[in-house]
Amino acid sequence: MNLSDQQPSGDWVCAKCSVPLEVSKITVSYLGSSYPVELLCCPKCGLTLVTEDLALGRMADVEKTLEDK
Amino acid sequence: MDQIELHDFEAQCIQECAPACTAACPLHVDARAVCAVVSKGDFSAGLQLIKKALPFPGIVCRICEQPCREVCLRDKSLAMADLERACLEFGIEPQAKAAQTVKRKQRVAVIGAGLNGLTAALDLAKKRYPVVVYEASSVLGGRLNSFSENKLPRAVVEKEFNKLYELGVEFRLNTAVSSSVGGGAVTLGELLHEFEAVYLATGSASTLNIKEAGLGSVDPQTRATSQPGIFAATDIGLSANSMPIILAMADGRSAAISIDRYVMKVSLTASRSNEGPYESCLYTNTEGITAAPVVPMNDKFYSQEEAIKEAGRCLQCECLECVKYCEYLASYDGYPKKYARSIYNNLSIVMGTRLANKMTNSCSLCGQCAEVCPTHLDMGALCKQARQTMVIQKHMPPSAHDFALRDMQFSNSDHFALARCLPGADSCSYLFFPGCQLGASAPQQVEKVYDYLRGHLSDVGLMLRCCGAPADWAGRQDLFKAALDEFSNIHEEMGKPTLVLACSSCYQVFKQNLPDLNIVSIWEIYDQYGLPETTNSKKGAVVSIHDPCTIRHEPQIHESVRRLVRQAGYKIEELPMNREKTSCCSYGGDVWLANRELSDKVIERRIAESGNDYLTYCTMCRDFFASKGKPTLHVLDLFYEDDLGARAERRGPGYSERHENRARLKKKMLKEIWRETVPEQSKIEGIQLILSDEVRQVLEDRLILVEDIQQVIEYAERTGYRLLHPQTGRLLAHYKPSQITYWVEYAPHEDAFEVYNAYSHRMEIAEELKS
C-alpha cells in the first residue's frame, strides 16, 4: 500500500519555523492498520503536509478498503 | 441473523418459484426456458430442456393434455406441445454419451407396459437397474394404441420405445401377473423372490386388486404398499383414461424414485415436495400486457418462423414487483432472495473483504418493498437488522453514517435542544415537537406553527431536539435507546403531554418505539382547526402530492393533508406510487450518505414521475427534490409563504446553514417567548469566515461544516502550526477534533479569514509536533 506522497508540495514552507519541508517517514493508521509512509514535514517542528490529492485520492481509497475489511 | 432467519426470509421471496406452467406440468417441463431459447431460434437448446423433463418427448408432444395451458397467464395460452414438437423437428441432438453398461445387481419388475409403467422402467433403466416389464397383452403402450396413425404414428412410438431396448429393458409380453396361483402365468410372490422391487402399473385393465392381494393401500406420496418392495401406481383400478397421460407418466416417475430409494435403503419420504403437479407460488403482474393470439400453424406442425413467433408470446413470468419500484433493489442486479444471502454472507466473513457493506447501507429502510411484495417481504427490516449486527461486530464502516450521527448529536446538544412548557407553567397538555430538519430548513415556519398551536390548543410547550432516527438508521441501538430515554425523561417531567409532530420520521420513531405516547401530527390539528389566515390560496393550481415514506401507514394523515390542500384551492393529481406505497426521497436510512450515486438516481426517478409541481409535508423530501430542480413546496409553504414560485424552486440550505438555523431558532424562541438571555457565542463560533459560493459547494460535497473550519483556524492561529505558501501568502492548517482530520487553506482578511479550500481524511497521521 503506497501512501507516500511524491507529489510536488506546492512549495509550502513551515510558517512557524520558516524552513522548507523535507521528506520524512511518518506512520499513518486507520481502524487498527498502520503503514509507514514518506510525507513532507517540517524538519524542526514536525508539522506534516497531507496534500489534497493524497487525502482525496489514495488515502480515501485505502480508508474505503480498510472499512470493508 | 441466524441461518433459520435467513431461510425464512429467503423463503418469503418468491422470485425463484417455478412459473405456473412448470408447476402445473406433472413432469415439470421448464416451459418458460423453452420459450426463451426458441424465441431466439435455438431449437437445439429447447430440445435439451424437453428431453431433460420428458421420458418420451416424441409421444408427449403429440398427445399431451397440456395442463400448462390452463394456468398460462398469457391471454391465449402458449401452444406448448406444438413448441415441443418444433424443438423435436428442428433441434439437433448432441452426440449421445456412451451408456454405462455395468448394471446393478438389484433387479426390478414392472407390471404393465402402459406409459406409467414404461416411464418407471425407463427411469430405472437409466439408473442402471436391470428391468423386466410384464405385459398381459401382446403390445406395449396401453392406451397409446387407441390413437389414430395420423395423431400418433406407430413409427414415432416405436422409435421412442426403442430407447428401452437400448437400455436393456426386457419384456415378457402376453404374461399376466396375478396375486395368487392360477390367476395368471406369474404370481406376485414369485416375482418378489426374483426381484428386489416390483411396480404394479396395470392401470384400468388391472386384474390385480391391491386390497384383495393383501397390499393394503397405496401411499399417495411414495406409491409404497403395505408389502415392502411392492409399489403400485395410483391409477390402478380407475376407469379407463381417467388419469391424464402426462399425469400417469409422472406417477411412473415418482414410483421409480421410490424404488431407487427403497433399493438404496434411504428415506422414501425426505425432500419430496413439488413432485407431480402443484400450484405455483410465483406472482406475475400482467397489468398492461396487450393481447396476442396464438400463432396459427400452416402445416401439421410449426415452421421455425412460426415457432419463434409463438415462443415470443411467452410472458417469461417472474415477480420482481419490489425491484420494479425500488431503485436500490434494481441497482444490484438481483432480488431480495439473492440480496439476503449476500448480506448474510457479508456478516459471516471473518477474514477478507466485506463486499456487501455498501449494499447493506444503501437501503432507505422505507418499507415500500413490503407494500408491493405479494408476500410482504421487507428488505428494510433485513438491512436494519444487518446494520445493527455490523455495529455489534465492530464492522460498520465509520464513514457510512458518521455525518448523520454527528448531526443528531448537534441537535441534541445545547446548540439546539430545548424543552419548555409555556412561561410560568411546569407542565403542559401538548408539546410541539417540530423535529430537527424543519428548524434547519425553514426555522421561521417552526415559529409560525407554534403560534398557531398556541392559538388553538389549551397549553402547548415546545421541544427542540432530534427524535433519534439517524441512530436507528445507522444500526446504533445504543445511541437510539439513549436518545429515546432522554426524550422520555424530559417528557415525563413535563407532565406527559400529547406530542404534536411536524415530521413524519419523528412520527414513525415515536409510534413504533414509544407506543404508550399520545401523538398527533400538525396536519390533523390544522385539519381540525382550519387553514391559517395567511394561507396562500391558488385557485385551480395543480400539484402532485408526495407522501413521506415514514408515514405510509397513516391514512388519516394522508387524508388530512389532502383536505387542507384542497381547501387551499389546489387540484391534486395523485402520483402512481403514493400513500402506503409511496417512495422514499433517499434521505431515509442515510442512503444519501452511504451511496450518493444511488441517492441521485432515486431522486431523479421520483421527480420524473409527473410534470406537475410537487407538494409534500416532509422538509427533507422537499429539499432533496428541489435540489435536482423539481419545483416542490412544503404544505407549510402554502400556509405561511408569499412567493410560492420562488419558494418551490428554493434550494435547501447547506449543512452548515442547517446547524446555524437551528441554533438561531433556539435562541430566538428562548428570547421572544421565554424572555431568557442566551449565552454569548463562544470564541470559535465568533471566528468570521469569508466563503465564496464555489468554496461553499466544495464544503457541501465534502461534508465539511463551517464549525469544522472554525476549529481548524482557531487551533492554527492559537498554536502557530501552519504551513505558508510564500508566493500567495496563503496558510494551510489541519486539526482533528475527533475522528476526522480537517485541512483548511486560508488567509487572514481584516477581522475575518478567507477560506480557499478544505478537505479531510480519516487516516490518522502520527505527527510528533515539537514546539
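Helix 25 and helix 26 of chain B are oblique to each other. This briefing describes a predicted model, and it considers that helix pair, a sheet in chain B, the make-up of chain A and the contact of the two chains. In the sheet of chain B, five strands are arranged in the order 3-2-1-6-7. Where chain A touches chain B, 28 residues of chain A and 31 residues of chain B take part.

**A pair of helices in chain B**

- Helix 25 covers residues 522-529 of chain B and helix 26 covers residues 555-567 of chain B; the two pack at an angle of about 50°.
- Their axes lie 9 Å apart.
- Angles of 35 to 65 degrees fall between the ranges for roughly parallel and roughly perpendicular and count as oblique, and helix 25 and helix 26 of chain B are therefore described as oblique to each other.
- The crossing of helix 25 of chain B with helix 26 of chain B is left-handed.
- From helix 25 of chain B, the contact draws on Trp523(B), Glu524(B), Tyr526(B) and Asp527(B).
- From helix 26 of chain B, the contact draws on Gln556(B), Ile557(B), Ser560(B), Val561(B), Arg563(B) and Leu564(B).
- Sorted by class, the residues in this contact of helix 25 with helix 26 of chain B are five nonpolar, two polar and three charged.

**The sheet of chain B**

- The sheet with the order 3-2-1-6-7 in chain B is open, and its pairing is parallel.
- Strand 3 (170-172) and strand 7 of chain B each have a single partner strand and stand at the edges, so each has one side without a neighbour in the sheet.
- From one strand to the next, the twist averages 20°.
- Helix 11 of chain B, residues 245-263, packs on the sheet and touches strand 1, strand 6 and strand 7 of chain B.
- The direction of helix 11 of chain B makes about 165° with that of strand 6 of chain B.

**Strand 6 of chain B and its neighbours**

- Strand 6 of chain B spans residues 197-200; Ala197(B) and Tyr199(B) point one way, while Val198(B) and Leu200(B) point the other way.
- All of these residues of strand 6 of chain B are buried.
- Strand 1 of chain B, residues 108-111, pairs with strand 6 of chain B in the parallel sense over four bridges.
- Within that pairing, Val108(B) has Ala197(B) as its bridge partner, and Ile111(B) stands opposite Leu200(B).
- Strand 7 of chain B, residues 230-232, pairs with strand 6 of chain B in the parallel sense over three bridges.
- Here the bridge partner of Tyr199(B) is Phe231(B).

**Chain A**

- Chain A contains two helices and four strands, and along the sequence they follow the pattern β-β-β-β-α-α.
- Of the 69 residues of chain A, 29% count as buried.
- Among the contacts in chain A between residues at least 6 apart in sequence, 53% join residues at least 24 apart.

**Where chain A meets chain B**

- The contact of the two chains takes 28 residues from chain A and 31 residues from chain B.
- On the side of chain A that touches chain B, at least two residues each come from strand 1 (13-14), strand 2 (22-30), strand 4 (48-49), helix 1 (52-56) and helix 2 (58-67) of chain A.
- By class, that side of chain A has 16 nonpolar, five polar and seven charged residues.
- Strand 2 of chain A pairs with strand 22 of chain B, residues 764-765, in the antiparallel sense over two bridges.
- In this pairing of strands, Val28(A) has Ile765(B) as its bridge partner.

Terms used. Residues numbered from 1 in each chain as written. Chains lettered and ligands numbered in written order. Predicted model: local features only at pLDDT ≥ 70, side-chain atom pairs only at ≥ 80, totals over all residues. Buried ≥ 20, exposed ≤ 12 C-beta atoms within 10 Å, placed from the backbone. Pairing = 2+ DSSP bridges. Axes fitted to C-alpha atoms, helices over the stretch in contact; angles between N-to-C directions. Parallel < 35°, antiparallel > 145°, perpendicular 65-115°, else oblique. Left-handed = near helix turned anticlockwise from the far one by under 90°. Contact = placed C-beta atoms within 7 Å. Nonpolar A, V, L, I, M, F, W, Y, C, P; charged D, E, K, R; others polar.
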